[in-house]
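Let's take a friendly walk through the inside of a protein. Have the sequence and the 3D view ready as you read.

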Amino acid sequence: MITHEVLNQPPPLVDYDAAAVPVVREALERAGARPAELDEVGRAAGSAHALELGDRAERNAPVLRTHDRHGHRIDEVDYDPAYHELMRTAVGFGLHGSPWASTDPNAHLVRAAKYSLWQAVDAGHGCPVTMTYAAVPALRADPELAARYTPLLTNGSYEPGLRPAAEKAGITAGMSMTEKQGGSDVRANTTRAEPLADGTYRIVGHKWFTSAPMSDILLTLAVAPGGVTCFVLPRVLPDGSRNAIRLQRLKDKLGNRSNASSELEYENAIGWRLGEEGRGVRTIIEMVNGTRLDCTLGTATIMRHGVQQAVHHAAHRSAFGARLIDQPLMRNVLADLAVEAEASTTVALWLASLTDAALAGDEQAAALRRIGLAVSKYFVCKRGPEHAAEALECLGGNGYVEESRMPRMYRETPLNSVWEGSGNVAALDALRAMTRQPETLEALLGFLRGAAGVDRRYDAFIGSLERHLADPGTLEYRARIVVGELARALQGALLVRHGDPAVADAFVASRLAGEHGDAYGTLGTGADLEPIIARYRLA
């Protein structure tokens with residue numbers, strides 16, 4: 001007698017083209033970008049092989065080796081081979097520093113689109129990929145250091161292992177900023193930098209979080225005689241000796257386990273000053289802006305991937321006499337999740353396109369990017385955990401099982417909200433841009449007003465928002481409310497202008513014209529759900 005016949009279970013969602021999602025292609029088409037390799041990245045990201053690599057890299061977490069068998073200090077991290085294959089693929093696709101060496105006017109948008117597809121495989125290895133991307137503009141504070149390292153950060157080669165950078169075909173970069181007593185308040189740092197006769201500095205101190213410690217160079221903040229200063233510390237010095245960078249332990253994190261976030265000490269390590277003494281925060285903020293962009297992109301990626309998984313499950317699973325995807329309440333939930341993913345992806349890719357425009361000399365784009373990135377990093381990343389939880393729930397008990405990969409997405413989403421400034425820090429950074437660089441707010445309000453006249457509900461929301469901004473006395477107290485409203489208004493403006501009509505209508509109706517409710521699945525009865533859900537059907 002057969003007791004274990006498998007019925008009513010969806011087939012695995014593997015070997016599909018992750019680039020088939022329209023919202024990514026539409027963003028590229030609006031900019032006139034047609035990267036030939038987009039489908040290659042999409043097929044790789046959806047392949048059973050890549051998904052298995054991601055599983056292995058996450059399951060077999062990196063291991064710290066402080067000493068060799070003879071007792072010599074080595075400070076190395078051993079990764080599963082799957083991690084290195086993921087890194088090699090990501091670098092080969094140009095997801096690291098390659099846009100900075102490209103002449104393509106859409107290089108940063110194209111890179112963002114490919115990054116957003118590939119990140120669904122494993123978010124952990126995306127950390128050194130992101131930091132390598134973000135380090136390049138920061139290095140420009142010193143032409144000599146930029147000339148030394150930029151070619152190695154932007155080419156298509158990935159070479160793990162500790163060797164002098166000059167002996168490697170390609171290198172990666174990491175960041176070492178925060179300390180246990182200060183966190184985001186880096187001006188409270190106590191790590192010291194003493195100038196030496198040869199122009200280098202001796203660095204002494206403890207860092208609470210250093211991402212990807214096996215990177216070839218670490219951008220580090222330390223207090224020099226002139227104040228907080230940025231330094232470049234190679235893991236291996238030019239003469240081949242190990243720099244005195246001691247890995248104390250790896251962080252036991254909620255998620256992002258394939259990435260070896262670490263606690264380290266500088267014991268008279270040698271660093272090269274990057275930028276002027278006392279201007280370290282201003283120097284490294286160039287790197288922070290790049291990583292904040294990828295936090296927004298990464299969250300949008302998890303959202304889209306969660307919707308794809310939920311739609312796939314609902315299309316193949318039946319309950320109470322009908323497929324889940326045909327049942328009204330489930331359709332409402334799926335469409336609502338899709339609207340959030342669509343809005344988040346749209347704004348993230350738009351921010352990447354502003355990078356291209358700003359680099360081409362467009363001052364308006366630079367101002368928009370400054371404030372748009374601040375409000376979107378706060379809002380999109382804050383929405384991530386709730387979205388992941390709801391997508392997981394669409395799979396029921398199956399979604400709570402690790403094999404579904406949904407728990408991993410759920411654990412991953414809080415990281416993007418706390419990385420590069422948790423919610424309050426991100427919201428206050430947006431206020432800082434508004435007050436210290438008022439041209440950024442004017443640019444944003446001008447962009448929002450430019451979308452008026454298409455949807456009266458959108459117009460009414462913008463009017464209300466401007467009234468809220470007119471009360472500066474309690475602005476810091478209301479920072480989360482105001483920044484959240486700015487972020488939703490920006491998403492609404494982009495969707496009203498460029499989005500799928502059904503998505504734009506549902507977004508404005510639920511996010512701008514009414515209460516979204518305390519859970520997903522509260523779209524009004526007038527919403528046209530089928531076109532929204534259809535954008536996320538992959539098989």
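What volume does the second largest cavity have? The second largest cavity measures about 60 Å³. On a 1 Å grid over the protein atoms alone, a cavity is a set of points where a 1.4 Å probe fits but cannot get out, and lining residues have an atom within 4 Å of a point. Grid points are joined across faces, edges and corners, and a volume is the space filled by probe spheres set on the points.

This is a predicted model, in which local features need pLDDT of at least 70 and side-chain atom pairs count only at pLDDT 80 or more, while totals for chains, interfaces and linings use all residues. Residues are numbered from 1 along each chain as its sequence is written, and side-chain values use heavy atoms, leaving out hydrogens and water.

Ten names are worth finding: Y16, A18, A45, S116, L117, A120, T301, R304, H305 and Q308 line the second largest cavity. Two elements, α5 (107–118) and α8, each give two or more residues to that lining, and α8 has the largest share, with four. Helices here are DSSP runs (H or I, at least four residues), as strands are (E, at least two), numbered from the N terminus.

Now turn to the largest cavity, with about 290 Å³ of space. Its lining counts 26 residues, and Q119, D122, A123, I302 and E412 lie nearest the centre. Helix α8 (280–316) is among the elements supplying at least two lining residues, and α8 gives the most, six.

Note on methods
On a 1 Å grid over the protein atoms alone, a cavity is a set of points where a 1.4 Å probe fits but cannot get out, and a pocket is an open set with protein on both sides within 12 Å along at least five of seven lines; lining residues have an atom within 4 Å of a point.
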